[in-house]
Amino acid sequence: MDANFKRSLSGRLAFTILLTASAHALGSASNYGTTGLATIPSAYMAEDAALSFSASSVKDYDYYNLTYQAFPWLEATFRYRRVKDVTRNIWTDYYDRNFAAKVRLIEEGYYTPQVSTGMRDFVGTGLVGAEYIVASKNVGSFEVHFGLGWGDLAGDDNIKNPLTNLRNSFSTRQDNGNRGNQAGTIPTGSAFQGEHIGWFGGIKYRIPKLPVNIFIERNPEYNRNDVRNFGIDKPSSDISIGAEWQPTPNLSIGTAYQQGDNWSVKFDYKVATNRRTTKQKTYYRNLQSLISNARSDNWYVNLLTDMENEGLLLVNGSLTGDEQKAQLTIGNTQYRNWDQAIDLATSLADLNLPPTVKTIEFTVAENGYAARTITVTRPTFKVLTEQLDTLKIYPDNLPTKNYTLPDYATNYVQNQIAFDIGLAPRIQLFDPDEPIRYGLAIGANTRVALPLNWVLNGSYTYLIDQNFDQSNRRSGSTLPHVRTDIVDYLNDTDRLQTLYVEKRVSAKNTYSRVFGGILEEMFAGIGGETLYREYNSRLAFGVSYAWVAQREASSDFGLRDYNTFTGFLSAYWATPFYNYDFAVHIGQYLAKDKGATLEVTRRFNNGWEIKAWATKTDVSSEDFGEGSFDKGIGLTMPLNAIFGSRKNTSLTIRPVQRDGGQTLNNAPGSIWNQTLKK
């Protein structure tokens, strides 16, 4: 196994540890990340919402892949590839990044195969550009695959491209790797083009009663660009044989004797991002005592105590004049799903409220906003003791309410100071020069309540260890350096990350916030945001704005000369399809460029979020630089299974960090992301 693969193994294992969820996705990744054998894609796909991280090493190549099953019929891959310069006997310092996609055309039937088509490197440099159509069929313990390939997958096969019969232009293909300034864009002069195509295929055998598969495949593929520029040997054979071991449904480890003379090793780990969250067990203190002491003069204190013991916050509460309805505003510090929190709150309220109360009206307080009001018919004690889901039996949504003069209120905000300290890791995946960069720091965070419902937020980090200083990429940007100098900020040993005041208000269908101070590690300023969303609507509209100045990299309070106004008009749609949300932001970015951003986010109640975005502004591809336009992937991973709280960690993956199309951290769209959307 190559030493470079060994050196990066610890980084891959560190990333894998973060993926703390079981998966049920079938099929393993090929070297290229897509579901397949060793080097060929199959027509099969993983289960919907499966997230796969795979890595492989084969002689002169290392591959790192992140694949997501975006729909049952669409598989999307971000690939990270390194090649060895054989002529100089050194590994190149540059990693090629590109995107791939596979679409299912026909689902497998009893007699018919599954058929899919896909594109490799359809957004990227084009160095490994290829297209294909493939059919796969299960026959007992066997899988049979057969496909036709264009581009690199054509190899030296001399099969005429059948599409040339439709149009002569299909016979001419843009040379892979020659996109020039168009790198990072979708190619229009190469897809399914070329005078000749090739065929590939394979057979996989699942050994009965063992978690082991063996396979043989035929693939004429080789990369002409690597042979020409780096002295890579052309494969001596089209045939590969291999085996893979699947000790668990979500883990696959494989090896292959690949194309005649190369041994490969592969690691593939899958996570089911749509997995159900296990309902947490609840402990009730002295049930009989609570029932007998549920009197109107102490119900609020008893309920407050019980809710705090269970990870809930009772913000305020009132009874109507006839004491037949209770109106409660609650917060949630522990439960990822609000249905779990309200189910528990209903049970606790049933134990503590006066016997005259028949209905309970809960208003959800989320991140400083009254986000939703739900009324629940009071269950009997039999419902509680039999562990029935009260929310599913008695739910009813109401227009969101704010109770300005409650009978009782808990002083969670005024004159309170929240403070926590702990590890503050920072991970940057797939940098153009390194698979993983990291920073490990001690982080301190504080939240101080001020008069008139203002809050002071602050965060500070002390760096323990990092490898960001090993990055030798200089900006070279013709735009203001609003992000490309980020390494200078990451290298600061001790840094005040944020220190700003903020006020949040909500009324009827409108949610607003204003803020000012040190907003993030690179910018300080003042601004605000307003979101309008009608009751029970999946649509929302917002406006965000800020005047900001760039901070000094080596000073907590120093500012550079650069300042600008940034602002956006935004539209949001929480679709009913596969948990997808769409957002469009139109406005001015930090580098004073103007344009629009499209965000597509898949959110699950368990806390997982997978986001992809693309931004196009009035900056040309040449001025933008490498990548042509800003795009990337974001992962939010829930850590409540580890910490017993609503904590999570987020990772952002960009093919390259440039200055065009950049926004403040957590803006725009902060209110939308911090309030209930569905």
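This is a short tour of the structure, one selection at a time.

**The whole chain**

Start with everything shown, and keep in mind that this is a predicted model. Colour by secondary structure and you will find 34 strands and 12 helices in the protein chain. Of its 678 residues, 54% are buried. Switch on a surface next: the chain exposes about 30200 Å², with 57% of that supplied by carbon and sulfur atoms. If you like contact maps, take the contacts between residues at least 6 apart in sequence; 59% of them join residues at least 24 apart.

**Helix H5**

Now select residues 299-309, which make up helix H5. Which residues of H5 are buried? Show side chains for Trp299, Tyr300, Asn302, Leu303, Leu304, Asp306 and Met307, and you have the buried ones. Then step on to Gly311, which follows H5 and has a positive phi, near 85°.

**The nonpolar patch**

Go back to the surface and select Trp73, Tyr532, Leu539, Phe541, Trp573, Phe577, Tyr578, Phe582, Val584, Ile586 and Leu598. Together these residues make a nonpolar surface patch of about 1000 Å². Two elements give two or more residues each to the patch: strand S28 (539-551) and strand S30 (580-588). S30 provides the largest share, 3 residues. For a patch member outside the strands, pick Phe577, which lies in the loop between strand S29 (559-574) and S30.

**Aromatic rings**

Keep Trp73 and Tyr578 selected and add Phe71 and Tyr580: these four form one aromatic cluster. Two members of the cluster, Trp73 and Tyr578, are thus also patch residues.

The structure holds 20 aromatic pairs. One of them is Tyr61 with Tyr63, so zoom in there and draw the ring centres: they are 5.9 Å apart, and the planes meet at 20°. Is this pair stacked or edge-to-face? It is stacked, because planes under 30 degrees apart count as stacked. Hide the surface for a clear view of both rings: Tyr61 is buried, with a relative accessible area of 13%, and Tyr63 is buried too, at 5%.

**Charges over rings**

Two stops remain, each with a charged side chain and a ring. Select Arg218 and Trp199: the charged end of Arg218 sits over the Trp199 ring, 4.4 Å from its centre. Finish with Lys631 and Phe629, where the charged end of Lys631 sits over the ring of Phe629, 4.0 Å from the ring centre.

Definitions and conventions
Residues are numbered from 1 along each chain as its sequence is written. This is a predicted model: local features need pLDDT of at least 70, side-chain atom pairs count only at pLDDT 80 or more; totals for chains, interfaces and linings use all residues. Side-chain values use heavy atoms; hydrogens and water are left out. Helices (H or I, at least four residues) and strands (E, at least two) are DSSP runs, numbered from the N terminus. Buried means under 20% relative accessible area, exposed over 50%, partly exposed in between (1.4 Å probe, protein chains only). Contact means heavy atoms within 4.5 Å. Accessible areas come from the Shrake-Rupley method with a 1.4 Å probe; for residues, only the protein chains shown count as cover. Patches are made of residues with over 30% relative accessible area and no salt bridge: like charges are joined within 9 Å, nonpolar side chains (Val, Leu, Ile, Met, Phe, Trp, Tyr) within 5 Å. A salt bridge is a side-chain nitrogen of Lys or Arg within 4 Å of a carboxyl oxygen of Asp or Glu. Rings of Phe, Tyr and Trp (its six-membered ring) pair if their centres lie within 6.5 Å; planes under 30 degrees apart count as stacked, over 60 as edge-to-face and the rest as tilted. A charge sits over a ring if NZ of Lys or CZ of Arg is within 6 Å of the ring centre and within 35 degrees of the ring normal.
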